[in-house]
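Q: Could you take me on a close look at one helix in this structure, and then show me how some single residues sit around the rest of the chain? I would enjoy one connected walk through it.

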Amino acid sequence: MHFLNIRSSALAVAMLGLAAPAYAQDAICGGTGTGGQWIGGDEASSDITTADTYQEQMALVLGGNDYVSLFSVSEGTDVRIEAAGRGAGDTVIDVLDSTGSIVTSDDDSGGNGASRAETFLNPGTYCMSLRSYDGGPMTAFVRVGRQEHEPLTEGTMETSSARDSGGCETATPMGGLGSTVSGSAADSSHWSFTLDAPAQVSVTAENESADPVITLYGPNDMYIDENDDFDGYNSRIDVTDTLDAGTYCIAVSALSDDTQPITVSVSEYDAEAALQSLYARGEAAPPLDGSVEVSNLGILESRIRQDVQATDDVKWFTVEVEDNSLLVVEAIGGGNSDPWLVVYDDLGREIGQNDDYGDGLDSMVMARVQSGIYIIGVRQYDSNNGLIRLLAERYVRAQ
């Protein structure tokens, strides 16, 4: 993907620092817009309905933070909202209305990790909140325009407009809780299910060859949530708030191959199973109470080596550090092995996480730590099984 014809005055200001940007002062979008930047440079120039061309900015996304662009439409307008990271940047966007409610979200519909949402917006002020998929710092381009304006991204076989364009009206019924169906996104892009009583639900879409994305809507096309790549390339939405009885719609698209069959399931949300799944993926540290298998590697004097027969479920280990130190943990693969590594302290706070350190597939986490117990999780990044050599080292300041 390449980005040319960067004509926006707001972008030029951001790049060259020739003037201070115009920031919103009011609690726009339920407070999300506070500190946001008008996409056209000021409020008057950010009306997409009347803009001569698209409006564009360069966004500097700080680690763990969102970048917020503000825009408005003075009449009902079909708009395209896009974000594309520079280099390997993987963007995620939420579009919020003036109350802070999410209108639509997107991760990869722009193609190559870029985000693209196309939808009809009623008159009002809106916020586009941009973040990095992995939570790290990123530089990205942001563009908002009408359908006739030049797009920023290449798009995929099915962009978010296809998912948001009323397909729920003709969704194929799949039953209620416990239902499972299968079909390609090209043939079956919308499924509906009915809750006979209030319930918490989990919705999954599985087939990594298709790389499915799912969006859940409630009655009257009310947006609830969207997901891509929850577990590998498979998608999952867990709704922990109780949904009312009624009919709900699942929009399904495929970022890789829309002819591949996708298995869609609706089940009752299981809090314990969801927690165990977090531990298996390494997205939360396990408790050290014996309920999850954790191998104790003992006190880390200088170096500990442990060979691990790894799968795509995390295997957990602990080491104890007795003094303030520099902790270095490596996961070294062999053959086709592609290790993934995460380190937490004993309170469950993430110390570091890594995949593909340097030019290879091995992983490394380095962090200054205090005395205490540290929890190390390692797994294969993909579905391959294989040997991973886990190495933990401790370095102290020279005396």
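A: Happy to! One cut-off first: a residue is called buried under 20% relative accessible area, exposed over 50%, and partly exposed in between. Please keep in mind that this is a predicted model.

Let's start with the setting. The protein chain holds three helices and 27 strands. Its radius of gyration is 23 Å, which agrees with the value near 21 Å that a compact globule of 399 residues would have. Along the principal axes, the C-alpha atoms fill a box of roughly 65 × 60 × 40 Å. Buried residues account for 49% of the 399 residues. Among contacts with a separation of 6 or more, 72% link residues 24 or more positions apart. The accessible surface comes to about 18,700 Å², and carbon and sulfur atoms contribute 44% of that. As for charge, the chain carries 19 positive and 64 negative charges, and the mean positions of these two sets are 9 Å apart.

Now to the helix, α3, which spans residues 271-281. At its start, a side-chain oxygen of Asp270 comes to within 3.1 Å of the backbone nitrogen of Glu272. The buried residues of α3 are Ala274, Tyr279 and Arg281. These buried residues pack against four strands: β16 (235-243), β21 (315-321), β23 (339-345) and β26 (372-380). After α3 comes Gly282, with a positive phi near 80°.

One of those partner strands, β23, leads us to Ser337, found in the loop between β22 (325-333) and β23. Ser337 counts as buried because its relative accessible area is 6%. Its side chain makes a polar contact of 2.8 Å with the side chain of Gln380. A polar atom of the Ser337 side chain also lies 3.4 Å from the backbone oxygen of Leu387. Neighbours within four places in sequence aside, Ser337 is in contact with Leu361, Gln380, Leu387 and Ile388.

Another buried residue worth a visit is Tyr126, in strand β8 (residues 124-132). Its relative accessibility is 7%, so Tyr126 is classed as buried. Leaving out residues up to four places away in sequence, Tyr126 touches Cys29, Ser69, Leu70, Phe71, Val73, Leu96, Asp97, Val103 and Leu121. A polar atom of the Tyr126 side chain sits 2.6 Å from the backbone oxygen of Asn122. Ile102 is 24 residues from Tyr126 along the chain, and their C-alpha atoms are separated by 9.8 Å.

Finally, let's turn to backbone geometry in two loops. Most residues other than glycine have a negative phi. Asn112, however, has a positive phi near 55°. Asn112 belongs to the loop between β6 (102-106) and β7 (115-121). With 58% relative accessibility, over the 50% cut-off, Asn112 counts as exposed. Asp356 also has a positive phi, near 65°, and its place is in the loop between β24 (350-355) and β25 (363-369). A relative accessible area of 31% makes Asp356 partly exposed.

Terms used. Residues are numbered from 1 along each chain as its sequence is written. This is a predicted model: local features need pLDDT of at least 70, side-chain atom pairs count only at pLDDT 80 or more; totals for chains, interfaces and linings use all residues. Side-chain values use heavy atoms; hydrogens and water are left out. The radius of gyration is taken over C-alpha atoms; the globule rule is 2.2 Å times the number of residues to the power 0.38. Buried means under 20% relative accessible area, exposed over 50%, partly exposed in between (1.4 Å probe, protein chains only). Contact means heavy atoms within 4.5 Å. Accessible areas come from the Shrake-Rupley method with a 1.4 Å probe; for residues, only the protein chains shown count as cover. Lys and Arg count as positive and Asp and Glu as negative; His and the chain ends are not counted. The place of a charge is taken as NZ of Lys, CZ of Arg, CG of Asp or CD of Glu. A polar contact is a pair of N or O atoms within 3.5 Å; within protein, one must be able to donate a hydrogen and the other to accept it, and residues adjacent in sequence count only if both atoms are side-chain atoms.
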